[in-house]
Amino acid sequence: MLTYTAAGQGPAVVLLHGFPLNRSIWDQQIRQLSTRFHVIAPDLPGLGASPPLPEDGPPSMAGMASQVLALLDRLGVGSVAVAGHSMGGYVALALQKAVPERVVGLGLISTQAGADTPEAREGRYATAEKVGQEGAGFLATGMAPKLFGPGVAADSAVYSAVASIIREAPAGGVRAALHAMAGREDMRVHLVDIAVPTLVLTGEQDQLIPPERSELMAASIRNAVLVKVPGAGHMPMVEQPQQVTEALAQWLDLVF
Ligand code: MLT
């Protein structure tokens with residue numbers, strides 16, 4: 001069973017974090033949205049305090065989504081709005097595809113629908129191998145500077161909090177997540193099937209997943225609202241928490 005934070009009462013919303021982070025990135029959104037909604041934020045399998053994916057097949061986004069679904073079942077949650085950040089967005093798309101009747105709203109935050117290029121896939125496998133040999137600590141040095149827009153200084157509290165989550169990420173979970181991301185399917189053809197209210201949100205200064213990919217996703221989903229957050233890179237929920245909370249609240253008002 002995934003480790004999670006749950007707060008508030010009302011219609012249910014799930015917040016899924018990105019790679020190789022944990023549910024604490026949503027703390028500010030959990031605090032504010034839980035005044036009106038039942039907010040559930042799990043650690044994805046093998047990350048944060050959650051157990052790894054079961055070893056019944058290669059790691060996949062569908063496998064991660066089925067663990068989130070098992071948590072929702074356990075909590076007695078039927079219909080749910082699902083918002084995912086980056087890798088969490090890949091999981092959200094997999095969950096929507098698996099149980100479209102239960103996902104009544106979709107939030108795609110700093111994410112994309114396409115699969116990896118062959119080069120990106122090879123890069124992930126090489127990184128996974130290195131994580132197996134050295135642990136995940138080295139990722140913090142390479143990855144943290146790319147996560148933020150220019151407004152976040154390397155000596156800021158936000159930067160060091162995120163860098164320390166990456167430094168402490170469990171090596172086994174990081175490797176599995178890298179393999180799952182490398183093998184994920186191209187969901188672009190599936191976007192036209194999404195009919196629920198969808199929030200597509202990107203930081204204007206995202207260096208990891210260019211905002212153009214959000215524009216393309218929003219153009220392909222019939223019921224999508226695109227929000228571009230100024231002054232944010234790849235981590236808008238901690239760079240501009242108030243703007244992200246407001247965008248999520250407006251989306252949830254469309255959903256419920
Ligand atoms: C993330 O933030 O979850 C990752 O950067 C996504 C990815 O590497 O594709």
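# Close-up views of a predicted model

A search of the whole structure, a predicted model, turns up two aromatic pairs.

**View 1. Phe-37 and Phe-256 form a tilted aromatic pair.** A pair of aromatic rings is described by the distance of the centres and the angle of the planes. Here the centres are 6.2 Å apart, and the planes meet at 40°. The pair links distant parts of the chain. Phe-37 sits in the loop between α1 (27-33) and β3 (38-42). Phe-256 belongs to the segment after α10 (241-255). In sequence, the two residues are 219 residues apart. Is each ring buried or partly exposed? Phe-37 is buried, because its relative accessible area is 3% and buried means under 20%. Phe-256 is partly exposed, with a relative accessible area of 38%.

**View 2. Phe-148 and Tyr-159 form a tilted pair.** The ring centres are 5.4 Å apart. The planes are at 35°, so the pair counts as tilted. Stacked would need planes under 30 degrees apart, and edge-to-face over 60. Phe-148 lies in the loop between α5 (138-147) and α6 (157-167). Tyr-159 lies in helix α6. This pair, too, links distant parts of the chain, with the two positions 11 residues apart in sequence numbering. Phe-148 is buried, at a relative accessible area of 3%. Tyr-159 is buried as well, at 15%.

**View 3. Lys-130 lies over the face of Phe-138.** The distance from the ring centre is 4.3 Å. Phe-138 falls within the span of helix α5 (138-147). Lys-130 falls within the span of helix α4 (118-134).

**View 4. Arg-184 lies over the face of Tyr-90.** Here the distance from the ring centre is 4.0 Å. Tyr-90 also appears in the next view, among the residues closest to the centre of the largest pocket.

**View 5. The largest pocket holds about 880 Å³ of space.** How many residues line the largest pocket? There are 35. Closest to the pocket centre are Tyr-90, Gln-112, Asp-116, Arg-124 and Leu-208. Several helices contribute. Two or more lining residues come from each of α3 (87-98), α4 (118-134), α5, α7 (171-182) and α8 (211-220). Which element gives the largest share of this lining? Helix α5 does, with five residues. By class, the lining has 18 nonpolar, 11 polar and six charged residues.

**View 6. The second largest pocket holds about 220 Å³ of space.** Its lining consists of 17 residues. Nearest the centre lie Met-61, Ala-62, Ala-94, Glu-185 and Met-187. Helices α2 (61-74) and α3 each supply at least two lining residues. The largest share, five residues, comes from α3. The lining divides into 11 nonpolar, three polar and three charged residues. Helix α3 also gives residues to the lining of the largest pocket.

**View 7. The loop between β2 (12-16) and α1 holds Asn-22 and Pro-20.** A cis peptide bond joins Phe-19 and Pro-20. Its omega is about -20°. Most residues other than glycine have a negative phi, and most peptide bonds are trans. In this loop, Asn-22 is buried, because its relative accessibility is 17%. The side chains of Asn-22 and Ser-24 are joined by a polar contact of 2.6 Å.

**View 8. Ser-86 has a positive phi, near 55°.** This residue is not a glycine. Where is Ser-86 placed? The loop between β4 (80-85) and α3 holds it. Ser-86 is buried, with a relative accessible area of 8%.

**View 9. The loop between β5 (103-109) and α4 holds Gly-114 and Ser-110.** Ser-110 has a phi near 50°, another positive value in a residue other than glycine. Is Ser-110 buried or exposed? At 1% relative accessibility, Ser-110 is buried. Gly-114 is buried too, at 12%. Gly-114 and Arg-213 are 99 residues apart in sequence. In space, their C-alpha atoms are 8.8 Å apart. Arg-213 falls within the span of helix α8 (211-220).

Notes. Residues are numbered from 1 along each chain as its sequence is written. This is a predicted model: local features need pLDDT of at least 70, side-chain atom pairs count only at pLDDT 80 or more; totals for chains, interfaces and linings use all residues. Side-chain values use heavy atoms; hydrogens and water are left out. Rings of Phe, Tyr and Trp (its six-membered ring) pair if their centres lie within 6.5 Å; planes under 30 degrees apart count as stacked, over 60 as edge-to-face and the rest as tilted. Helices (H or I, at least four residues) and strands (E, at least two) are DSSP runs, numbered from the N terminus. Buried means under 20% relative accessible area, exposed over 50%, partly exposed in between (1.4 Å probe, protein chains only). A charge sits over a ring if NZ of Lys or CZ of Arg is within 6 Å of the ring centre and within 35 degrees of the ring normal. On a 1 Å grid over the protein atoms alone, a cavity is a set of points where a 1.4 Å probe fits but cannot get out, and a pocket is an open set with protein on both sides within 12 Å along at least five of seven lines; lining residues have an atom within 4 Å of a point. Grid points are joined across faces, edges and corners, and a volume is the space filled by probe spheres set on the points. Ala, Val, Leu, Ile, Met, Phe, Trp, Tyr, Cys and Pro count as nonpolar, Asp, Glu, Lys and Arg as charged, and the others, Gly among them, as polar. A polar contact is a pair of N or O atoms within 3.5 Å; within protein, one must be able to donate a hydrogen and the other to accept it, and residues adjacent in sequence count only if both atoms are side-chain atoms.
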